[in-house]
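Me: Could you take a close look with me at one part, the surface where protein and DNA meet? I am in my first year, so please explain each term when it comes up.

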Protein chains: 2
Amino acid sequence: MNIKEVARLAKVSTATVSRTINGSDKVTPETAERVRKAIETLKFYPNTNARALGSGRSSLYGLIISDITNPFFPELVKSFEDIAVQYGQEVLIANTNYDPHRMEVCVSRMLQRKVDGVAIMTSEIAEHLIDEFNSRKIPLAFLDNATPQKGISNILVDYAAGIDAAVDHLISLGHKTIGFIAGPMSLASARIRKRAFINALKRNNLKLDLQFVEQGNHRTDGGHEAMSRLLDHKAHPTAVIASNDMTAIGAMGAVFERGLHIPQDISIVGFDDIELSAFTQPALTTVRLSRQEIAKLAFRALYNTYQTGATKGAEYTIQPTLVIRKSTGPKPAGKH
Amino acid sequence: MNIKEVARLAKVSTATVSRTINGSDKVTPETAERVRKAIETLKFYPNTNARALGSGRSSLYGLIISDITNPFFPELVKSFEDIAVQYGQEVLIANTNYDPHRMEVCVSRMLQRKVDGVAIMTSEIAEHLIDEFNSRKIPLAFLDNATPQKGISNILVDYAAGIDAAVDHLISLGHKTIGFIAGPMSLASARIRKRAFINALKRNNLKLDLQFVEQGNHRTDGGHEAMSRLLDHKAHPTAVIASNDMTAIGAMGAVFERGLHIPQDISIVGFDDIELSAFTQPALTTVRLSRQEIAKLAFRALYNTYQTGATKGAEYTIQPTLVIRKSTGPKPAGKH
DNA sequence: ATAGACATTGTAAGCGCTTCCATTTATGAT
DNA sequence: ATCATAAATGGAAGCGCTTACAATGTCTAT
C-alpha cells in the first residue's frame with residue numbers, strides 16, 4: 001500500500017496525491033476529494049520515513065530528559081508533546097539516566113533521526129556534542145544553561161524570585177529562624193537556589209546561621225538525613241525550605257519520626273511542585289515551577305528557529321510561584 | 001554527509017559501508033576498520049529514515065499508554081525502553097489521554113512510522129483499529145485484554161491472587177470487618193478486583209457487608225469520598241482495601257480529616273505500588289504490580305512474533321505481590 | 001599451470017515519498 | 001478568434017539507505 005496505488009485509484013499522478021496529503025493549495029477541491037476518498041478506501045497511511053527522506057524535514061523534535069520516572073519530567077513531556085501536536089510536529093524522547101555517557105547515545109539517536117530541533121532539559125552535556133548539533137544547524141533549547149551560547153535558546157528560571165516568595169511567606173507567618181536544605185552543588189540550579197536563600201535572609205535582616213543550611217541531594221534520602229541533622233540542634237529552625245520537593249518529602253519523614261507535627265512544630269516548604277506534593281500529609285507548600293511553561297517556551301523557540309532559520313536563539317525567564325498548602329503555619333508560640 | 005562520502009573516504013563501495021554499519025560478517029576486519037575510521041572522522045550518523053525505507057524494517061516498537069502523568073506509566077515506559085534498547089530497537093510512545101478518539105491518532109502514528117510491533121497498555125481500542133494492525137501483520141500485545149484474539153499476545157494479571165494476599169494479610173492482623181473501594185466498573189481490571197475481594201471474604205468465612213463495598217473512580221477524589229462514606233457508618237470497617245493506590249491515597253486523606261490515625265484506628269491497603277506509595281505518611285501497604293515485568297513480557301512477545309513471523313500470540317500471567325509498609329496494623333482493640 | 005570453490009567487494013535497482021520543471025488546460029484581455 | 005497568463009496536473013529525478021546479483025580475487029586440489 002503506497003502513494004502509487006492511491007494515485008491509480010484516484011486517477012491522478014503521485015505528485016497530486018502528495019500535494020493533497022500535504023494540503024497544498026494547488027489542487028482543485030474536486031481532485032482533492034477524489035484523492036481523499038481513495039486514501040480512505042485503501043486505508044492508506046503515508047510512510048513517515050519516506051516523507052522525511054524525500055522532503056528533508058523530519059517534523060520531529062527531540063526532548064532529552066534525565067529519567068521519566070523522576071517526578072519532575074512527566075508533566076514536562078506531556079506539555080511538550082501537546083504543544084508539538086498543535087504545530088503538527090512529533091516528539092522523540094530520550095533519557096540520559098543521569099549518565100553523561102548515555103547522553104552520547106541520546107544525541108546519536110537525535111542525529112540519526114534527523115530531528116528538526118532538540119530541547120535539552122537535563123544539565124550535563126559535553127561541548128563536542130553541542131558542536132554536532134551546531135555544525136548541522138539543528139536548533140537547540142536548554143533549560144538553565146549556565147553558559148549560554150550564541151544560537152542556542154535558553155530557558156532561565158528566576159529561582160531567586162521563587163525562594164524570595166517562600167521566605168517572605170514564612171516571615172509573614174512569624175518565623176525568624178529558617179533553615180535550608182540544599183541540592184547537590186554540582187547542579188547549577190541548586191547552587192542558585194542556595195544563594196538565593198542566603199540573599200533573601202539578608203534582605204530581610206534575618207541572621208544567617210550556616211549550621212541551618214544543610215546539604216541534601218535532591219532525593220528523599222538526602223532530605224531525610226539533612227532534616228535529622230537540623231533537628232539535632234536543640235534550637236532548631238521553626239521553618240525549613242528544601243531545594244526541591246523530593247528533599248522536602250524526605251524531610252517531612254524525618255520530622256514525623258521525631259514525633260513532631262507539621263506545621264504545628266515546624267513548617268516545610270518545597271520547590272518544583274511535583275504532582276506528589278499535593279498528596280503528602282500534610283499537603284506540601286512549595287514553589288511551583290511550571291513545566292508546561294518550560295515546555296511551551298522550549299518548543300516554540302525550537303520551532304521558530306527552525307522555520308525562520310534564525311541564527312541566534314531566544315532567551316526566556318520563567319517566574320516560579322508560591323503554592324501555599326498545609327505544610328506551613330504560624331511560628332509555634334514560645335519558640336524563637 | 002551520507003554513506004557515499006564515507007565510502008569515498010574509506011575507498012570502498014557504499015554497500016561495504018552499509019555492511020559495516022550493520023555488522024555484516026562479510027567484511028574483512030581491515031576494511032571494516034577503515035570504514036569505521038571514516039565514519040568517525042566525518043562524524044557520520046546513518047539516516048534512520050533511509051535505513052527503514054531501504055530495509056523495510058523500522059526497528060521501532062510502539063507503546064500506547066493513557067497518559068504519562070498517570071503515575072502508573074512512567075516505570076512501564078522506562079522498562080519498555082530499557083528492554084528495547086537491549087534488543088537494539090527503538091520505542092515510539094503515544095498516549096490516548098483516556099480519549100477513545102485520540103486512540104485513532106495513536107494508531108495512525110504507529111502505522112505511518114511502520115512500527116514492527118505495538119504494545120497497547122490502555123484498555124479501550126475499537127475493533128476496526130485492531131484490524132488495521134492485523135491486516136498489516138503488525139504484532140500486537142495487550143495488557144489485560146478481556147477478549148483475547150488469535151495472533152495477539154496478552155499479558156494477564158492475576159488480580160485475584162493480589163487481592164487474596166491483601167485480605168490474608170489483614171486477617172492475620174486480626175481484622176474481621178474489611179471494606180473495599182472499587183474502581184470504575186467500566187474497567188475490566190476494576191471489576192475483577194472487586195469480584196476477587198468478594199470471593200476472598202467468602203473463602204475466609206467473613207461475612208460480606210455490601211455497604212462496606214464502596215464505589216471509587218481510581219483517582220484520589222473518588223477514594224476520598226468513598227472513604228468518607230465508609231467512615232459515616234458508626235461501625236465502620238477496621239481495614240479497607242482500595243482498588244488502586246490513588247484511591248488509597250485519597251482514602252487516607254479522608255481518614256486524617258476525621259482525626260483518625262492510620263494504622264492505629266484503621267488499616268489501608270492499596271493496589272499497584274506506584275512510586276508515590278512509598279512516600280505517603282504512613283507509607284502505604286499495597287499490592288505491587290510489576291510494571292517492569294509487564295513491559296518485558298510485552299516487548300519480548302512483540303519482538304519474537306515479529307522475528308519469527310509467528311501467527312499466534314503468547315499469553316502470560318503476572319503474579320502481583322503484597323508489599324507491607326506502615327499503613328496496616330493490628331485490629332484496634334475493642335473493635336469488632 | 002588450471003579449474004573450481006569460496007570469500008570479499010562492487011554495481012545498481014529499489015524503498016515511498018517530495019518537488020522541480022514541463023505540460024496541459026482554463027481564463028481573460030484584446 | 002487569438003494570444004498571454006495563470007492554475008492544475010504530470011513526469012521524473014532524487015532523498016540515503018539496503019541488498020540481490022555480478023564481478024573480482026584467493027586459495028586449494030589436481
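Reply: Let's begin with a word we need: a residue is near a strand if one of its heavy atoms lies within 4 Å of it. The model is predicted, so local features need pLDDT of at least 70 and side-chain atom pairs pLDDT 80 or more, while totals for chains, interfaces and linings use all residues. Residues are numbered from 1 along each chain as written, chains are lettered from A and ligands numbered from 1 in written order, and side-chain values use heavy atoms, without hydrogens and water.

Which residues come nearest to DNA strand D? Around this strand there are 28 residues, and those that come nearest are A:Ser13, A:Arg19, A:Thr31, B:Ile3 and B:Ser18. Of the atoms of DNA strand D that come within 4 Å of the protein, 69% belong to sugar and phosphate.

Now for some polar contacts, which are pairs of N or O atoms within 3.5 Å. A:Ser13 places a polar backbone atom 2.7 Å from a phosphate oxygen of DNA strand D. B:Ile3 also reaches a phosphate oxygen of this strand, with a backbone N or O atom at 2.7 Å. For A:Gly54, the partner is a base oxygen of DNA strand D, which lies 3.4 Å from a polar backbone atom of that residue.

Which elements give two or more residues to the surface near DNA strand D? They are H2 and H4 of chain A together with H2 and H4 of chain B. These labels come from DSSP runs numbered from the N terminus: helices are H or I runs of at least four residues, and strands are E runs of at least two.

We can also sort the residues of this surface by type: 9 are nonpolar, 12 polar and 7 charged. Here Asp, Glu, Lys and Arg count as charged; Ala, Val, Leu, Ile, Met, Phe, Trp, Tyr, Cys and Pro as nonpolar; and the others, Gly among them, as polar.

Let's turn to DNA strand C. It has 26 residues around it, and the ones that come nearest are A:Ser18, A:Arg57, B:Ser13, B:Arg19 and B:Thr31. Sugar and phosphate make up 67% of the atoms of DNA strand C that come within 4 Å of the protein. Here are three contacts that you can look up in the view. B:Thr31 has a polar side-chain atom 2.4 Å from a phosphate oxygen of DNA strand C, and B:Thr16 has one at 2.9 Å from a phosphate oxygen of the strand. From chain A, an N or O atom in the side chain of A:Arg51 is 3.3 Å from a phosphate oxygen of DNA strand C. The elements that give two or more residues to the surface near this strand are helix H2 (14-21) and helix H4 (48-55) of chain A, together with helix H2 (14-21) and helix H4 (48-55) of chain B. By type, the residues of that surface are 9 nonpolar, 12 polar and 5 charged.

How are the two protein chains related? Chain B can be superposed on chain A (by least squares on the C-alpha atoms of residues with pLDDT of at least 70 in both) by a rotation of 180° with 0.0 Å of shift along its axis, and the RMSD is 0.1 Å. This is the relation of a two-fold axis. In chain B, the C-alpha nearest the axis belongs to B:Asn49, at 2.2 Å from it. Both copies use the same surface, since 100% of the contact residues of chain B recur in chain A; contact here means heavy atoms within 4.5 Å.

One more stop is the loop between helix H3 (29-42) and H4 of chain B, where B:Lys43 has its place. Its phi is near 50°, a positive value in a residue other than glycine. Is B:Lys43 buried, partly exposed or exposed? With a relative accessible area of 42%, B:Lys43 is partly exposed, because buried means under 20%, exposed over 50% and partly exposed in between (1.4 Å probe, protein chains only). B:Asn97 also has a positive phi, about 55°, although it is not a glycine. This residue sits in the loop between strand S2 (90-95) and helix H6 (100-112) of chain B, and it is partly exposed at 27% relative accessible area.

Note on methods: Polar contact = N/O pair within 3.5 Å; in protein donor to acceptor, adjacent residues only side chain to side chain.
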